[in-house]
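Before we start, have the chain open in a viewer. How does one read helix packing, cysteines and burial from a model?

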Amino acid sequence: MKTIKSMFDHLHWANQQILSTLKANEPRGSHKARQFFSHILCAEQVWLTRIQGKDSSNLPIWADIGLEDCEKLLKLNEKGFSEILTNLSEENHIDLVQYKNSKGEKFQSSLIDILTHVALHGHYHRGQVNLKLRAEGMEPVSIDFITFVRES
């Protein structure tokens, strides 16, 4: 449980680093970088909703939301996942979560597999955010896990 909790501490820190960089570069900011960041947050919200046993079919996975809304969603996601992780135990981490994907197909996955997916999914797309920032002449964000550990 310690590892997955550490992965989410990193996820929340890295999301905040990306948000701060996008806000600092907003006047000349990268639209594509913001789209990837929006996707990270929307996908987190979808998975959080599924874990909570709610219908996620009305939630967008790819949405072009502004930085103010990104910040609100970031905080909501962090609060929701923090609550789940606080209650995560050796007994319930293998619990199956039943959900429908965006096509309406039914699936079930263990809670720990979903949490691992969310953490890795965000890291993948934060790399794309950095790629877009660099392509537009901006400095990429140092979001490596080891940097997080050093700064914590």
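The dialogue below takes these features in turn, using a predicted model.

Q: How are two packed helices described?

A: Two packed helices are described by the angle between their axes and by the distance between those axes. Here the pair to look at is α2 and α3, residues 31-51 and 67-86. Their axes come within 9 Å and cross at roughly 35°. The crossing of α2 past α3 is left-handed.

Q: Which residues make the contact of α2 with α3?

A: On α2 they are Arg34, Phe37, Ser38, Leu41, Cys42, Glu44, Gln45, Leu48 and Ile51. On α3 they are Leu67, Cys70, Leu73, Leu74, Leu76, Asn77, Gly80, Phe81 and Ile84. Sorted by class, the contact has 12 nonpolar, four polar and two charged residues.

Q: How does helix geometry help in reading such a list?

A: An α-helix has 3.6 residues a turn, so residues three or four places apart point the same way. In α2, the contact with α3 includes Phe37, Leu41, Gln45 and Leu48.

Q: How many disulfides are there?

A: A disulfide needs two cysteine sulfur atoms within 2.5 Å. The count is zero. Cys42 is in no disulfide, and the nearest cysteine sulfur to it belongs to Cys70, 7.5 Å away.

Q: Why is Cys70 not bonded to Cys42?

A: Because the Cys70 sulfur lies 7.5 Å from that of Cys42, its closest cysteine sulfur, which is too far for a bond.

Q: Are these cysteines, Cys42 and Cys70, buried or exposed?

A: A residue counts as buried under 20% relative accessible area. Cys42 is at 3%, so it is buried. Cys70 is buried as well, at 0%.

Q: Where does Thr49 lie, and what is it in contact with?

A: Thr49 is in helix α2. Its relative accessible area is 11%, so it counts as buried. Setting aside neighbours within four places in sequence, Thr49 is in contact with Lys54, Asp55, Ser56 and Leu59.

Q: What about His121: buried or exposed?

A: His121 sits in helix α4. With a relative accessible area of 19%, His121 is buried, the cut-off being under 20%. Apart from neighbours within four places in sequence, His121 is in contact with His39 and Ala43.

Q: What span should helix α4 have, and how far apart are its end C-alpha atoms?

A: Helix α4, residues 111-135, has 25 residues, and at 1.5 Å a residue it should span 36 Å. Its end C-alpha atoms are 37 Å apart, so the two values agree.

Q: Which residue with a positive phi follows α4?

A: Gly137 follows α4, and its phi is near 80°.

Conventions: Residues are numbered from 1 along each chain as its sequence is written. This is a predicted model: local features need pLDDT of at least 70, side-chain atom pairs count only at pLDDT 80 or more; totals for chains, interfaces and linings use all residues. Side-chain values use heavy atoms; hydrogens and water are left out. Buried means under 20% relative accessible area, exposed over 50%, partly exposed in between (1.4 Å probe, protein chains only). Helices (H or I, at least four residues) and strands (E, at least two) are DSSP runs, numbered from the N terminus. Contact means heavy atoms within 4.5 Å. Axes are lines fitted to C-alpha atoms, for helices over the stretch in contact, and angles run from 0 to 180 degrees between N-to-C directions. A crossing is left-handed if the near helix is turned anticlockwise from the far one by less than a right angle, and right-handed if clockwise. Ala, Val, Leu, Ile, Met, Phe, Trp, Tyr, Cys and Pro count as nonpolar, Asp, Glu, Lys and Arg as charged, and the others, Gly among them, as polar. The expected span of a helix is 1.5 Å times one less than its number of residues.
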